[in-house]
Amino acid sequence: MTPAAFRKLAPSLPETEERQHMNHPDFRVAGKIFATLGYPDKSLGMVKLSPEDQHNFSKDHPDTFVPVKGAWGRSGATSVHLKAARKDVLARAMQAAWRNVAPPRLLKSK
């Protein structure tokens with residue numbers, strides 16, 4: 001997975017927009033961030049999973065998904081090692097992250 005591919009995958013989800021946060025791209029639905037790219041370095045992305053999803057993705061794909069250190073990580077923030085990420089797996093994780101913050105009206109359609 002390249003940063004460009006990550007950047008194409010995120011906006012494929014309904015009503016997602018790309019913005020900028022602390023000098024790196026983020027992806028939001030209804031104004032809430034569900035993924036970021038390039039922080040703390042260009043080799044990483046982040047998806048905001050539920051703690052249960054974080055556990056499962058990290059267990060099943062340990063080379064790709066790693067909980068962020070500290071409170072953010074305990075809340076589900078999960079680093080994505082782009083080089084190791086497969087598109088199909090990242091797409092599932094990104095959709096799970098999107099669902100965590102999307103408003104109920106959008107969840108009905110997805």
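## Close-up views of a predicted model

**View 1. The β3–β4 hairpin and its turn.** In this predicted model, β3 and β4 make a hairpin with six residues between them, and Gly-38 in the turn has a positive phi of about 80 degrees. The two strands run antiparallel and are joined by three bridges. To find your way across the pair, look for Thr-36, which sits opposite Met-46 in β4. The β4 arm is mostly covered, with four of its five residues buried.

**View 2. A cis peptide bond ahead of Pro-40.** Stay in the loop between β3 (32-37) and β4 (44-48), because that's where you'll find Pro-40. Going from Tyr-39 to Pro-40, the peptide bond is cis, and its omega is near 5 degrees. For context, most peptide bonds are trans.

**View 3. Two non-glycine residues with positive phi.** Most residues other than glycine have a negative phi, and here are two that don't follow suit. Met-22 isn't a glycine, yet its phi is positive at about 50 degrees. You'll spot Met-22 in the loop between β1 (16-21) and β2 (24-29). Is Met-22 buried or exposed? With 62% relative accessibility, Met-22 counts as exposed, given that the cut-off for exposed is over 50%. Ala-30 isn't a glycine either, and has a positive phi of about 55 degrees. Ala-30 belongs to the loop between β2 and β3. With a relative accessible area of 53%, Ala-30 is exposed too.

**View 4. The six-stranded sheet.** Read across the strands and the order is β1-β2-β3-β4-β6-β5, an open sheet with antiparallel pairing. β1 and β5 (65-67) are the edge strands; each has a single partner, so one side of each is left without a neighbour in the sheet. From one strand to the next, the twist averages 30 degrees. At the β1 end, six bridges hold β1 to β2 in an antiparallel pair, and Thr-16 has Val-29 in β2 as its bridge partner. Farther along the order, β4 and β6 are also antiparallel and share five bridges. In that pair, Leu-44 faces His-81 in β6.

**View 5. Helices against the sheet.** Helix α2 (residues 51-60) lies across β5 and β6 (77-81), and it runs at about 135 degrees to β5. Helix α4 packs on the sheet as well, touching β1, β2, β3, β4, β5 and β6, with its direction at about 45 degrees to that of β4. How far apart are the end C-alpha atoms of α4? They are 21 Å apart, which agrees with the 21 Å that the 15 residues of α4 (residues 87-101) should span at 1.5 Å a residue. The buried residues of α4 include Val-89, Leu-90, Ala-93, Met-94 and Trp-98.

**View 6. The nonpolar core around Phe-65.** Nonpolar side chains tend to be buried together in soluble globular proteins. Which members of the largest nonpolar core touch the most other members? Out of 26 residues, they are Phe-6, Phe-34, Val-47, Phe-65, Leu-90 and Met-94. At least two core residues come from each of α1 (3-9), β2, β3 and α4. The biggest contributor is α4, which gives eight residues. Zoom in on Phe-65: leaving aside neighbours within four places in sequence, its contacts include Val-47, Phe-57, Thr-78, Val-80, Val-89, Leu-90 and Ala-93.

Terms used: Residues numbered from 1 in each chain as written. Predicted model: local features only at pLDDT ≥ 70, side-chain atom pairs only at ≥ 80, totals over all residues. Heavy atoms only, no water. Expected span 1.5 Å × (residues − 1). Buried < 20%, exposed > 50% of the residue type's maximum accessible area, 1.4 Å probe, protein only. Pairing = 2+ DSSP bridges. Axes fitted to C-alpha atoms, helices over the stretch in contact; angles between N-to-C directions. Contact = heavy atoms within 4.5 Å. Core = buried A, V, L, I, M, F, W, Y, C linked by side-chain atoms within 4.5 Å.
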